[in-house]
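Hello,

Here is the structure I promised to pass on to you. Please have it open while you read, and I will walk you through what turned up in it.

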Amino acid sequence: MTFTLLPAVDVAGGQAVRLVRGAAGTETSYGDPLEAALAWQRAGAEWIHLVDLDAAFGRGSNRELLADVVRRLDVRVELSGGIRDDASLKAALDTGCDRVNLGTAALEDPAWADRIVAEHGEQVAVGLDVRITEQGHRLAARGWTRDGGDLWEVLARLDAAGCRRYVVTDVSKDGTLQGPNVELLREVCARTDAPVVASGGVSSVDDLRALAELAPLGVEGSIVGKALYAGNFTLEQALAAVS
């Protein structure tokens with residue numbers, strides 16, 4: 001299995017930003033989203049993970065801006081943020097993106113989400129944003145502001161519906177540059193045959209190598225955000241490390 005890197009472009013208020021642990025109000029701005037995406041394309045990315053944070057938090061939308069970014073890229077795009085019903089799903093797919101990532105809707109509207117993953121196959125991934133607590137592995141919804149249920153129960157339900165791919169994030173690691181939660185990824189891969197994309201915590205090329213070693217278990221790639229923007233390594237160095 002080849003290991004794919006997906007540089008992230010998270011958009012809020014028309015700007016590319018990064019958050020700490022997904023919390024609203026922790027944004028650091030990195031400028032024009034199109035320029036950010038084009039920079040990753042020039043550096044050799046085959047995929048871009050493009051997120052509408054305003055839509056995810058239910059405080060607005062950058063839909064037209066993101067559609068323009070997708071149109072002007074020559075690489076594949078995974079689009080995420082605020083896709084919660086037929087209308088928002090159609091708008092996302094109409095941009096020409098290759099895949100959408102469902103989040104909150106997969107937890108709050110299970111009947112709809114199960115139908116969508118069954119109907120759209122490879123075009124739909126589900127984001128599993130995990131908080132590990134004394135109560136177990138809990139999912140986070142609504143921009144990580146609400147509890148979304150038990151990870152293992154939701155995973156079993158989505159597997160039964162035919163979900164083709166999961167994007168797994170340890171919320172406590174996201175945007176912190178503290179390293180990925182490799183054990184969580186191992187646990188998820190042990191419970192599903194669907195491929196998993198890792199997200200959150202990557203701080204070094206060594207972190208990416210550790211994730212790439214999980215490819216035989218089912219981890220097919222990793223989203224990379226803050227470490228690239230902070231200059232911890234270049235995308236070229238990252239791609240070379242996992243090739």
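Before the details, one term: a salt bridge here is a side-chain nitrogen of Lys or Arg within 4 Å of a carboxyl oxygen of Asp or Glu. Please also keep in mind that this is a predicted model.

Let me begin with the charged pairs. Side chains of opposite charge can pair when their charged atoms come close. Across the whole structure, the search gives 13 salt bridges.

A good one to start with joins lysine 90 to aspartate 94, whose closest N and O atoms are 2.7 Å apart. These two residues sit four apart in helix α4 (residues 86–94), so about one helical turn separates them. Lysine 90 counts as exposed, at 52% relative accessibility, and aspartate 94 is exposed too, at 54%.

Another salt bridge links aspartate 54 and arginine 59, again with closest N and O atoms 2.7 Å apart. Here the surroundings of the partners are mixed: aspartate 54 is buried, with a relative accessible area of 10%, while arginine 59 is partly exposed at 39%.

Then there is the salt bridge between the side chains of glutamate 220 and arginine 165, at 2.4 Å from N to O. Glutamate 220 belongs to strand β12 (residues 219–224) and arginine 165 to the loop between α7 (151–161) and β10 (166–170), so this pair ties together parts that are 55 residues apart in sequence. Both glutamate 220 and arginine 165 are buried. They also take part in a network of salt bridges that links Glu122, Arg164, Arg165 and Glu220.

Next, have a look at the strands on either side of that salt bridge in the story, β10 and β12. In β10, five of the five residues are buried. In a regular strand the side chains alternate between the two faces of the sheet. Both faces of β10 are covered, with Tyr166, Val168 and Asp170 buried on one side and Val167 and Thr169 buried on the other.

What does β10 pair with? Five bridges join β10 to β7, and the two run parallel; within this pairing, aspartate 170 is the bridge partner of valine 130. Strand β11 (residues 196–199) is also parallel to β10 and is joined to it by four bridges, with valine 167 standing opposite valine 197.

From β11 you can carry on to β12, since β11 and β12 pair in the parallel sense over three bridges. Valine 196 stands opposite valine 219 there. Strand β12 in turn pairs with β1, also in the parallel sense, over four bridges, and leucine 6 stands opposite isoleucine 223. As for cover, six of the six residues of β12 are buried.

Two buried aspartates deserve a visit as well. Which side chains or backbone atoms do they meet?

- Aspartate 129 lies in strand β7 (residues 124–133). It is buried yet has no salt bridge, and the nearest side chain of opposite charge, arginine 131, is 8.7 Å away. A polar contact of 3.5 Å joins the side chain of aspartate 129 to that of threonine 169.
- Aspartate 150 lies in strand β9 (residues 146–150). This residue is also buried without a salt bridge, and its nearest side chain of opposite charge is arginine 138, 4.5 Å away. That distance falls outside the 4 Å limit, so the pair does not count as a salt bridge. A polar atom of the aspartate 150 side chain lies 3.1 Å from the backbone nitrogen of tryptophan 152 and 2.9 Å from that of glutamate 153. Leaving aside residues up to four places away in sequence, aspartate 150 touches His137, Arg138 and Leu139.

Last comes helix α3 (residues 63–72), whose buried residues are Leu66, Ala67, Val69 and Val70. They cover an arc of only 160° around the axis, which puts them on the same side of α3. The face turned away from that buried side carries the exposed residues Glu64 and Arg71. As for what the buried residues of α3 pack against, you will find β1 (4–12), α1 (33–42), β4 (47–52) and β5 (76–80).

Enjoy looking around, and do write back with any questions.

Best wishes

How values were computed
Residues numbered from 1 in each chain as written. Predicted model: local features only at pLDDT ≥ 70, side-chain atom pairs only at ≥ 80, totals over all residues. Heavy atoms only, no water. Buried < 20%, exposed > 50% of the residue type's maximum accessible area, 1.4 Å probe, protein only. Arc of directions from axis to C-beta. Contact = heavy atoms within 4.5 Å. Lys, Arg positive; Asp, Glu negative; His and termini not counted. Polar contact = N/O pair within 3.5 Å; in protein donor to acceptor, adjacent residues only side chain to side chain. Pairing = 2+ DSSP bridges.
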